[in-house]
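Trainee: I've got a model open and I'd like to talk it through with you. Can we start with the ligand and then move on to the fold?

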Amino acid sequence: MEVSVLIPAAGNGERLGLGPKAFLRVGGRTLLEWALAAFPEAAEVLVALPPGQSPPQGLRAAFLEGGRTRQESVARLLEAASLPLVLVHDVARPFVSQSLVERVLRATQAQGAAVPVLPVPDTLIRSEGGAYGSVLPREALRLVQTPQGFFTALLREAHAYARKRGISATDDAQLVQALGYPVALVEGERTAFKITYPEDLVLAEALARAWNGSPQAR
Ligand code: CTP
Ligand code: MG
């Protein structure tokens, strides 16, 4: 797979309160190990770690120091990427199937930028002064996941444009969109959720048991 996998893993996991998520163990392996297992055929894997963090030994990846924000961490990873396609994937999303990776890659090759999304299952409202406010029609809304795929040159240009304009974003597709380039949507996966809050770990442990027991799921 002629693609550079970029893993921003330089966050401090403040909402979870258990230190940097890369080293958090779920089902007997670290979230970083889960993330790497999702890309067994990647020609290059680059991981951004919190500054001062010594890289783990024996993993099939190169490590560099991340920045103060996710966007800065990805910008540093992008500088080091050497292949024409990149997949950017949060270390905080351990359960990514091979079919999800393939869907994103195919759409990226065809269209230059692609992200997995999910419909919003709950009713969405605005909280107006703490009370139930207006309902947002959710049919056109989507939840955005990773891995997100891009032509490397395109994502570099998008990051440079964002830096120049002072744009900050929580994912990479936003920057590509701000540049005026379309981002294709592919079907995401509920299991590719991001571990953010302590409750998410309970779910993750249960999923890890299921996935460890059925390797074909990966
Ligand atoms: N990330 C990063 N560099 C930063 C901040 C975040 O590489 N300076 C990465 C995280 O490691 C994670 C991804 O961006 O893989 C998504 O971020 P999030 O879920 O917010 O993780 P944390 O920032 O670690 O958590 P928190 O916001 O609760 O501190
Ligand atoms: Mg964060």
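Trainee: How far does a backbone N or O atom of Pro 8 lie from an oxygen atom of ligand 1?

Mentor: Keep in mind that this is a predicted model. Pro 8 is listed among the closest residues to ligand 1, along with Gly 13, Glu 14, Ser 73 and Lys 194. A polar contact needs N or O atoms within 3.5 Å, and the backbone atom of Pro 8 lies from the ligand oxygen at 2.8 Å.

Trainee: Which residue has a polar backbone atom 3.2 Å from a nitrogen atom of ligand 1?

Mentor: Asn 12 has a polar backbone atom 3.3 Å from a ligand atom, but that one is an oxygen. For the nitrogen atom of ligand 1, the backbone partner at 3.2 Å is Arg 68.

Trainee: What share of ligand 1's exposed area does the protein bury?

Mentor: Ligand 1 sits in the largest pocket, and 18 residues surround it. That shell splits into five nonpolar, six polar and seven charged residues. Taken alone, ligand 1 exposes 560 Å², and the share buried by the protein is 86%.

Trainee: Away from the ligand, why does the pair of Trp 34 and Phe 95 count as edge-to-face?

Mentor: The whole structure has two aromatic pairs. In the one formed by Trp 34 and Phe 95, the ring centres are 5.1 Å apart. Planes over 60 degrees apart count as edge-to-face, so this pair qualifies because its planes are at 65 degrees.

Trainee: Which residue does a cis peptide bond join to Thr 146?

Mentor: Look in the loop between strand E10 (142–144) and strand E11 (148–151), where Pro 147 is found. Omega there is about 10 degrees, and the cis bond joins Thr 146 to Pro 147.

Notes. Residues numbered from 1 in each chain as written. Chains lettered and ligands numbered in written order. Predicted model: local features only at pLDDT ≥ 70, side-chain atom pairs only at ≥ 80, totals over all residues. Heavy atoms only, no water. Near = heavy atom within 4 Å. Polar contact = N/O pair within 3.5 Å; in protein donor to acceptor, adjacent residues only side chain to side chain. Areas by Shrake-Rupley, 256 points an atom, 1.4 Å probe, with all protein chains shown as cover. 1 Å grid on protein atoms, 1.4 Å probe; cavity = no way out; pocket = protein on both sides within 12 Å on 5 of 7 lines; lining within 4 Å. Sits in = over half its atoms within 2 Å of the grid points. Nonpolar A, V, L, I, M, F, W, Y, C, P; charged D, E, K, R; others polar. Phe/Tyr/Trp six-rings, centres within 6.5 Å; stacked < 30°, edge-to-face > 60°. Helix = DSSP H or I, 4+ residues; strand = E, 2+ residues; numbered from the N terminus.
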